[in-house]
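Student: Could you take me on a close look at the aromatic rings and the nonpolar interior of this protein? I'd love one connected walk through it.

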Amino acid sequence: MAVEDLGLKGDLLIDFGLQPVSNRFLSGCSEAIAPHFPLQLRIDTSSGLIHLGTPFPVSELKPRYDWVTAFEPEDHLDDLVDRILALPDVTKDTVFGAYSFKDDSMLERLKRKGYRRNWRIDPKKDLGVTDPCANIETFQQAFTLSKARAIRARSGGADVMIVRHVIEHSYDLDAFISSVRELLNPNGYIVWELPDCSRALDAGDCTSVWEEHIYYFTRFTFEQLMRKHFEIVHYDVASYVHEDSLVAIVREGPIGDAASPDPNAVAEELTRGKAYARIIADRKCAVRESLERIRATHGPIAIFGAAHLSVTFLSILEVADLISIAVDDNPNKIGLRMPVGGLQVFSSAELYSGRVGVCLLGLNPQNQPLVLSRHANFQESGGVFASIFCRDKLYLEHL
């Protein structure tokens, strides 16, 4: 389906203009520019669900390097596996299905507990995706109802289907849900997991916007979506430093009155979305003023973490011109240029070159303590760390 046919027509919240594909790293000697596309946030006034206006073309989102990866939070998975195994009708004969590589750690946990009847969708065999660089953006496009039926015929249905951190990437929610449920055996369960954007929206955190995420669910909006399609067996939030995870276990059965969600709850979501847009607009000026002051006081600024969080921060707030270099210890990135500002990527050894006075932390806050401990010498020699994340105690506006 073409992106212009998706019908994502909610009310406009904020228009970010042209934004780069954040995984499009460029050769250090190349004069090429990363592709840019219009990026808007819109909100469905009937449900409060926030989504992109027109998603980027899938062919452009597809990574150009096979080392571009994403890691999802997993500290809660042991408890989640125990909850799944306690469900009625789950036995050692239960067949577990999985959608993508993001579910491999769940299948491994199940195997260790003796539950070995499982399968996972194979991108090449089941979806016809042969490009080794293709990722979730391509899988969701290739995963259709007819493909789901073929997978079921080949692998057998699943009694429990695991689908972690992919539904927010779907260009067509209803079609994706229908295709997943096609893989289920009668009375089977689906385990959904996805990011909870509630705290980021409340705080006005621009880094929560990512062109690969089409939908921005809160606890309320995802629950309403599930009630529209399924009976909810379990619904919870797994708490993390940066971004919580929503977990829903559902099955076929009586569905809730999703056609008429609580109008007060919808109104709260609409208020949340409008407030988010206002905060982002205000922060755009405040962050530039803070970085100009910081640079004048402490010297050149680097940003640690050459990935989509940093790209989003620099591009949406239009402050890449105030940053001298990017720092990342992924050897695959060193020497390349980021898709925003043409910033060259150096290893963290560059912090000690004398060319950096301030280092912005643009990697997941969960990983920040490790960076700070490894680079205590940078601070001891007069260097300053600050965070791009507005909920962080090291947030740059506090410096």
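Tutor: Happy to! Keep in mind that this is a predicted model. Let's start with a charge and a ring: R355 lies over the face of F346, 5.2 Å from the ring centre. You can find a similar arrangement at Y115, where K92 sits over the ring face, at 5.2 Å from its centre.

Now for rings that meet other rings. The structure has 13 aromatic pairs. One of them joins F176 and W192. A pair of aromatic rings is described by the distance of the centres and the angle of the planes. For F176 and W192, the centres are 6.4 Å apart and the planes make an angle of 50°, so the pair counts as tilted, since that angle falls between 30 and 60 degrees. Along the chain, the two partners are 16 residues apart: F176 belongs to helix α7 (residues 173-181) and W192 to strand β7 (residues 184-196). Both F176 and W192 are buried. Ring pairs also tie them to Y99 and F143, making a cluster of Y99, F143, F176 and W192.

W192 leads us on to the largest nonpolar core, which has 101 residues. W192 is among those with the most contacts inside this core, along with M161, F222, F313 and L360. Helix α10 (residues 263-298) contributes the most to it, with nine residues. Apart from this core lies another one of 19 residues, including L80, L85, L107 and V160.

Finally, look at L360: leaving out residues up to four places away in sequence, L360 touches several others, among them L291, I301, F304, F313 and L396. In soluble globular proteins, nonpolar side chains tend to be buried together.

How values were computed: Residues numbered from 1 in each chain as written. Predicted model: local features only at pLDDT ≥ 70, side-chain atom pairs only at ≥ 80, totals over all residues. Heavy atoms only, no water. Core = buried A, V, L, I, M, F, W, Y, C linked by side-chain atoms within 4.5 Å. Buried < 20%, exposed > 50% of the residue type's maximum accessible area, 1.4 Å probe, protein only. Helix = DSSP H or I, 4+ residues; strand = E, 2+ residues; numbered from the N terminus. Contact = heavy atoms within 4.5 Å. Phe/Tyr/Trp six-rings, centres within 6.5 Å; stacked < 30°, edge-to-face > 60°. Lys NZ or Arg CZ within 6 Å of the ring centre and 35° of its normal.
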